[in-house]
Amino acid sequence: MAQKNPINSISDSRPLAVITGAASGFGYELAQAFAKNNFDLIVTDYNPAIVEAAEAFRAFGGIVEHIQTNLGAFKGVDGLIQKIQSIHRPIDTVVFNAHVITSGGFGEIPMEEELNSILVNITSVVHLAKHVVQEMKKEHHGRLLFTTGHPEKEYTNYHSVYEASKAFVKTFAENLQAELKDQGITVESFTESSDPQDAEAAALKTFKAIMSERRYVEEHLL
C-alpha cells in the first residue's frame with residue numbers, strides 16, 4: 001500500500017525515531033511501542049517482512065518510512081543514512097537493535113558467517129552512530145539506545161563472536177554516554193527479553209524506562 005503522506009510533509013509535532021532490526025521479535029515490539037506513543041518512524045531490516053511491519057505501525061496514526069537493507073554492507077548503512085537525510089527532520093531517538101547471532105563451535109562456524117556478524121553487530125553500529133551523533137550535536141538533542149543481548153547470558157557458550165560483539169556495543173555505549181552527557185544527547189543500553197511470548201510486555205516496559213526522563217506522563221503511555 002502506498003504511503004499517503006511523505007514523512008517530511010508533516011509538522012515536527014511528532015518526534016522521529018529510527019529503529020533497526022524492526023521486522024520481528026523485540027525490535028518489532030519496541031517499534032510498535034514508539035508508534036503507539038505518537039512517534040513517526042524510520043524502520044529497517046534485512047528481512048522483507050519489514051514492509052508488512054511498517055504497515056502495521058502506520059495503523060497507530062503516525063508516518064512510517066521503511067527500508068529493507070543489509071546493514072552488513074557499507075552501502076546498506078549508507079542507504080539508511082541517505083533515507084534519514086532525505087526527510088530533513090531532526091532525529092529524536094535511534095534504536096540500534098539489528099544483530100546477527102552465530103551459533104556453534106568457533107572452529108566450525110564458516111568465516112563468512114562470523115565476519116557478517118561482526119559487520120552487522122559492530123561495524124554498522126559505529127557507521128550509523130557516527131552520522132547520527134554528528135547530526136544530534138547540531139541540535140543539542142537526541143537519544144541513542146543500544147540493545148546488548150539477553151539478560152540470562154544464554155549465548156555465552158558456543159556464541160563467542162556474538163557475545164564479544166555485544167560486549168563491544170555495551171562498552172561503546174558507555175563511552176558515548178560519558179562523552180555526550182553534557183551535549184544534550186542521552187545514551188543508554190539495555191537487554192532485550194529472551195522470551196518471545198513476553199516480547200511485547202518487555203518492549204513496552206523498556207520504552208517507558210527509556211522515556212522516563214522525558215516529559216511523558218505515565219498515564220499517557222499506552
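## Helix H5 and its surroundings

In this predicted model, the buried residues of helix H5 are Val161, Tyr162, Glu163, Ser165, Lys166, Val169, Phe172, Ala173, Leu176 and Leu180. If you would like to see what lies over them, look for helix H4 (111-139), strand E5 (142-147) and strand E6 (185-190), which are among the elements covering these residues.

H5 itself runs over residues 160-180, 21 residues in all. From its first C-alpha to its last it reaches 30 Å, close to the 30 Å expected at 1.5 Å a residue.

## Strand E5, covered on both faces

E5 is one of the elements that cover H5, and E5 is itself mostly covered, with six of its six residues buried. On one side sit Gly142, Leu144 and Phe146, and on the other Arg143, Leu145 and Thr147; both sets are buried. This pattern is easy to follow along the strand, because side chains in a regular strand alternate between the two faces of the sheet.

E5 has parallel partners to explore. Strand E4 (residues 93-96) runs parallel to E5 and is joined to it by four bridges, with Thr93 standing opposite Arg143. Between these two strands the chain passes through H4, and the resulting β-α-β crossover is right-handed. E6 also pairs with E5 in the parallel sense, here over six bridges, and Leu144 stands opposite Val187 of E6.

## The largest nonpolar core

The largest nonpolar core has 30 residues, and those touching the most other members are Leu80, Val94, Phe96, Leu128, Leu144, Phe146 and Val187. Two or more residues each come from E1, helix H3 (74-86), E4, H4, E5, H5 and E6. H4 gives the most, with seven residues.

Val94 is a good place to start a closer look. Leaving out residues up to four places away in sequence, Val94 touches Val18, Leu128, Val132, Met136, Arg143, Leu144 and Leu145. A separate core of 27 residues lies apart from the largest one, and includes Ala23, Phe39, Val43 and Val64.

## Val18 in strand E1

Val18 belongs to strand E1 (residues 16-20). Its relative accessible area is 0%, so Val18 counts as buried, the cut-off being under 20%. Setting aside residues up to four places away in sequence, Val18 touches Ile42, Leu80, Ile84, Ile91, Thr93, Val94 and Val95.

Val18 and Phe96 are 78 residues apart along the chain, yet their C-alpha atoms are separated by 8.4 Å.

## A second parallel unit

Strands E2 (residues 40-45) and E3 (residues 64-68) pair in the parallel sense over five bridges. Asp45 stands opposite Gln68 of E3. Together with helix H2 (residues 50-58), E2 and E3 make a right-handed β-α-β unit.

## How confident is the model?

The chain has a mean pLDDT of 86, and 84% of its residues reach 70 or more. Two stretches deserve some care. Over residues 1-5 the pLDDT stays under 50, and the model has six contacts for them beyond four places in sequence. Residues 215-222 also have pLDDT below 50, with 14 contacts in the model beyond near neighbours in sequence. Where pLDDT is low, predicted coordinates should not be read in detail.

How values were computed. Residues numbered from 1 in each chain as written. Predicted model: local features only at pLDDT ≥ 70, side-chain atom pairs only at ≥ 80, totals over all residues. Heavy atoms only, no water. Expected span 1.5 Å × (residues − 1). Buried < 20%, exposed > 50% of the residue type's maximum accessible area, 1.4 Å probe, protein only. Contact = heavy atoms within 4.5 Å. pLDDT = per-residue confidence, 0-100. Pairing = 2+ DSSP bridges. Right-handed = clockwise from strand over helix to strand, strands pointing away. Core = buried A, V, L, I, M, F, W, Y, C linked by side-chain atoms within 4.5 Å.
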